[in-house]
Amino acid sequence: MNIDKLLEEFKTYKINVEGKAEDSMNLYIKNIKKFCEDMNIKDYETLISTKSQTIKDWLSILAEKENSAVTRNNKLSAIKQIFCFLEDEKEVEIDRKINKIKNAKTKQKETKYLDERQMEELLAITTNQRTKSAIAILNNTGVRFSELIQITCTDIERGFATIVGKGNKERTVFFTHQTIAICRNFINGKRKRIVEKYNLDTDLLFLSDYGNIMKAQNFINSLKYYAERTGIYWSNEMSPHKLRHSCITKALNDGVPIQVVRDMVGHASMQTTNRYSHSKDDEIRKAMLREDYNEE
């Protein structure tokens with residue numbers, strides 16, 4: 001085994017099994033190769049025996065070269081992923097301290113949400129049917145967790161649900177065909193086995209393994225697990241609200257009128273909704289240079 005062969009297997013596994021995008025994997029490979037180059041790691045045996053301190057030393061070098069905290073965190077994520085692959089798929093004993101290396105603190109609080117590609121990758125890698133269904137609904141509708149657990153199997157079949165949100169206000173949310181298909185797999189699979197095992201008579205969608213209503217912390221733990229496997233460097237901060245945030249941001253970026261988004265997610269005012277509007281650097285550049293924009 002050599003490093004190039006390992007990286008080829010790593011890329012193939014991530015794309016074919018975990019559903020990672022090829023562009024994302026190409027960036028991972030680039031970062032891993034740069035790490036090996038900078039730290040003079042030239043063969044497979046040297047790589048698998050790498051200690052956490054070597055990675056920390058590399059991060060210090062990157063900081064000295066004025067790589068931003070966000071850039072260093074992204075590169076660290078790639079390194080952690082290859083060592084997870086070595087441990088989980090190649091059954092190699094690695095330095096467990098590698099996964100405990102902390103991310104660099106950013107100068108200002110970083111707004112964390114998933115873009116469309118990251119959300120697709122998260123759904124693709126999630127194998128737990130209940131967790132996958134919850135992610136799909138949160139991404140589709142932007143509901144709060146307290147609203148999510150109100151949804152029933154009947155709601156999924158008819159394509160919409162009327163839920164009670166903050167201030168005891170009712171609103172209706174609608175499900176995409178993809179969300180319905182994902183939830184049906186859960187209903188006819190894992191959920192059906194739970195209902196039969198405990199002889200339950202309930203229409204609530206999100207039941208725990210013991211037949212109770214799904215608890216927030218259990219879902220969060222599962223969500224963090226799959227977020228880490230997706231390669232999201234802030235996976236330890238993942239929560240239902242981050243998925244709600246992502247849904248709102250995507251709707252605003254897609255041009256949905258802010259007043260519609262407000263009503264869609266149950267905000268009391270447009271001022272609250274506007275907090276979720278984030279312009280990307282590339283979009284700002286285009287606006288300033290008038291690229292792809294029609295000047296009036």
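Q: Which residues gather in a patch of positive charge on the surface?
A: This is a predicted model, where local features need pLDDT of at least 70, side-chain atom pairs count only at pLDDT 80 or more, and totals for chains, interfaces and linings use all residues. Patch members have over 30% relative accessible area (Shrake-Rupley, 1.4 Å probe) and no salt bridge, with like charges joined within 9 Å; Lys and Arg count as positive, Asp and Glu as negative, and the charge of Lys is placed at NZ. The positive surface patch here consists of Lys-51, Lys-56, Lys-97 and Lys-100.

Q: Is Lys-51 buried or exposed?
A: Residues are numbered from 1 along each chain as its sequence is written, and side-chain values use heavy atoms, without hydrogens and water. Lys-51 sits in the loop linking helix H3 (44-48) to helix H4 (52-64), helices being DSSP runs (H or I) of at least four residues. Because its relative accessibility is 52% and the cut-off is over 50% (under 20% is buried, in between partly exposed), Lys-51 is exposed.

Q: Which side chain of opposite charge is nearest to Lys-242?
A: Let's move to helix H13 (residues 240-253), the home of Lys-242. Lys-242 is buried without a salt bridge, meaning a Lys or Arg side-chain nitrogen within 4 Å of an Asp or Glu carboxyl oxygen. At 4.9 Å, the nearest oppositely charged side chain is Glu-237.

Q: Which residues does Lys-242 touch, not counting those up to four places away in sequence?
A: Contact means heavy atoms within 4.5 Å. With residues up to four places away left out, Lys-242 touches Lys-112, Tyr-113, Trp-234 and Glu-237.

How values were computed:
Patches are made of residues with over 30% relative accessible area and no salt bridge: like charges are joined within 9 Å, nonpolar side chains (Val, Leu, Ile, Met, Phe, Trp, Tyr) within 5 Å. Helices (H or I, at least four residues) and strands (E, at least two) are DSSP runs, numbered from the N terminus. Buried means under 20% relative accessible area, exposed over 50%, partly exposed in between (1.4 Å probe, protein chains only).
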